[in-house]
Amino acid sequence: MNFKKNPQFRLPAALFVCCMMLHAAVAEGQETLRDAAAGTQASLASPAGEKVLDTLDKNDTEDVFLDEFMNYQMKLLKNWKLRVFTSGTWRYDSNVFLRNSNVQSDTMWSVSPGFQYSYGDDQAKLQVLADYNAQFNFYDKFSQQNSLNHFLRTSLNYRMQKTSFKFSGLFHQVTGGDLDVGGQASRVQFSPQLQIMYELSEKVRVGLSGQLQRTHYDALISSTIYRFGLFADYSFSPRFRLGLQFNEMIQEVDRSGGQSGQDYLVRLEYEASKKLSLNGSAGIHILHTASAGDATLPLGTLGFKYAPGPKTTLYANMYARAQNSPSLGGQYYQSQGVLIGAQQQLGSKLTVGADFGYDFSAYHSYLAGVSGTRRDHVRFMRPWVKYALQRHLSLEIFYQHTTNDSTGTGAQPFARDLVGAGITGSW
């Protein structure tokens, strides 16, 4: 077994989605359609829109079973709960190295043990959440691509009468497909974030936030981003909250020097009913590059969720963000995309779902004299099925088709099909 090792840490931004705080939209924007389309998770039998499925009928014992063991939702037992799970997956990949020519296919076998831990609930003074899984990947033909991947999310909330503190973090160590690189890449992502929030009144809350994003690519271009922000929200009703946020950004990129910038965002939380919700933030990012001048870029995420029935969920996510290119020196890409999906539970044991997405990315330069001409049009579709074999065991079947119509300098066009099946046990 030839497991790849990454010598450094990388930190992208993502939050453990327990409290859907809007200022986190910039961070969560890292996990967009481009990341989902890369298919780094061994099993793709789950929604690309994360944590959107908690819509089952809690009065139905069969549905509670599916909610807990098929959709991996942690249920509170007294004040804490530990859940351990493991899965085995077979996956056929029609284009392992994401190429347009000399395409190579292979079969990958994966074993993925993990755990989920929770202490306290949304009303508790102290709440701790942790979600971890390892992923052992073995290829039939290209054994040099064998890897050990790690996925960890944590969140700690401490609440006082008017003040609350939230520390959250993400750590990913991954070897797998990368759309920017156009092949397999080893990277480490690590991102801690701290938020302090104070309730001025029943309607007004203010807060401070700080975040570090370290992104390390093995033998490619790495970056570090610091963000410091302040925000204020006003509650027009128990279901509708509107606010403003300002962030100051400092960025260091290998081969490109230092950049800085500011985010100006409008924040929104709207829950029309238990069936319909809308959350997100939108605004602009003003980027001050090392020598290529200033750029004003759209920034934000907007999530929509609708549950027309207790066993049906529809969702959509739109986003805009800028991200450093790990493969093209002195360049970054601005992405805008949309992801839509649906899940339907059929009976007490079968759940089906599908995701569809489109992302457009335009490459730009940090440095004078460097021209960014690459343009990516990424499209993907992912139908999936889960079936409960018994209380602690479920079967998964999935298919994903991805294309990237890429043009310009450094273009990485490809078409790829993934198909697989897996079994997950949970205790």
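The following paragraphs lead through a predicted model of one protein, from its overall make-up to its strands, charged pairs and nonpolar groups.

The protein contains three helices and 18 strands. Of its 427 residues, 53% are buried. The surface that remains accessible amounts to about 18,100 Å², and carbon and sulfur atoms supply 61% of that area. Contacts also reach across the sequence: among those between residues at least 6 apart, 59% join residues at least 24 apart.

The pairing of strands may be followed from strand E2, which covers residues 106-119, to strand E3, which covers residues 126-139. These two strands run antiparallel and are joined by 10 bridges. Within this pairing, Ser-110 stands opposite Asn-137 of E3. E2 and E3 form a hairpin, with six residues between them. In the turn of this hairpin, Gly-120 has a positive phi of about 80°. On leaving the hairpin, the reader may turn to strand E4, residues 147-159, which pairs with E3 in the antiparallel sense over 12 bridges. Here Phe-136 stands opposite Leu-148 in E4. E3 is thus joined both to E2 and to E4.

Further along the chain, strand E7 holds Gly-210. This glycine is partly exposed, since its relative accessible area is 21% and the buried class requires a value under 20%. Gly-210 is 16 residues from Leu-194 in sequence, while the C-alpha atoms of the two are 5.3 Å apart in space. Leaving aside residues up to four places away in sequence, Gly-210 touches Pro-192, Gln-193, Leu-194, Arg-227 and Phe-228.

Charged side chains provide another set of links. The whole structure has eight salt bridges. One of them joins the side chains of Arg-205 and Asp-233, with a distance of 2.9 Å from N to O. This pair connects distant parts of the chain, 28 residues apart: Arg-205 belongs to strand E7 (residues 204-217) and Asp-233 to strand E8 (residues 223-237). Both partners are buried, Arg-205 with a relative accessible area of 7% and Asp-233 with one of 4%.

Asp-233 also forms a salt bridge with Arg-267, and in that pair the closest N and O atoms are 2.6 Å apart. Because Asp-233 lies in strand E8 and Arg-267 in strand E10 (residues 257-271), this pair ties together parts that are 34 residues apart in sequence. Arg-267 is likewise buried, its relative accessible area being 0%. Together with Glu-269, the residues Arg-205, Asp-233 and Arg-267 are linked in a network of salt bridges.

A further salt bridge brings together the side chains of Arg-239 and Glu-271, at 3.8 Å from N to O. These residues are 32 apart and again link distant parts of the chain, with Arg-239 in the loop between E8 and strand E9 (240-253) and Glu-271 in strand E10. Unlike the buried Arg-205, Arg-239 is partly exposed, at a relative accessible area of 39%. Glu-271 is also partly exposed, with a value of 36%.

The nonpolar residues may be considered next, beginning with those that are buried. The largest nonpolar core has 11 residues in all: Leu-33, Ala-36, Ala-37, Ala-38, Leu-98, Leu-179, Tyr-319, Leu-339, Val-378, Phe-380 and Phe-414. Helix H2 (33-38) and strand E16 (375-390) are the elements that give two or more residues to this core. H2 gives the most, with four residues. Another core, of nine residues, lies apart from it and includes Ile-221, Val-253, Ala-295 and Tyr-332.

Nonpolar residues also occur at the surface. Leu-126, Leu-156, Met-160, Phe-165, Phe-167, Leu-194, Ile-196, Leu-208 and Leu-230 form a nonpolar patch there, and their accessible area together is about 760 Å². Strand E5 (163-178) and strand E6 (183-199) each supply at least two residues of this patch. One member of the patch, Ile-196, is found in strand E6. Ile-196 is partly exposed, with a relative accessible area of 32%. Another member of the patch is Leu-194, the residue already met as a contact of Gly-210.

Key. Residues numbered from 1 in each chain as written. Predicted model: local features only at pLDDT ≥ 70, side-chain atom pairs only at ≥ 80, totals over all residues. Heavy atoms only, no water. Salt bridge = Lys/Arg side-chain N within 4 Å of Asp/Glu carboxyl O. Buried < 20%, exposed > 50% of the residue type's maximum accessible area, 1.4 Å probe, protein only. Pairing = 2+ DSSP bridges. Contact = heavy atoms within 4.5 Å. Core = buried A, V, L, I, M, F, W, Y, C linked by side-chain atoms within 4.5 Å. Patch = residues over 30% accessible without salt bridge, like charges linked within 9 Å, V, L, I, M, F, W, Y side chains within 5 Å. Areas by Shrake-Rupley, 256 points an atom, 1.4 Å probe, with all protein chains shown as cover.
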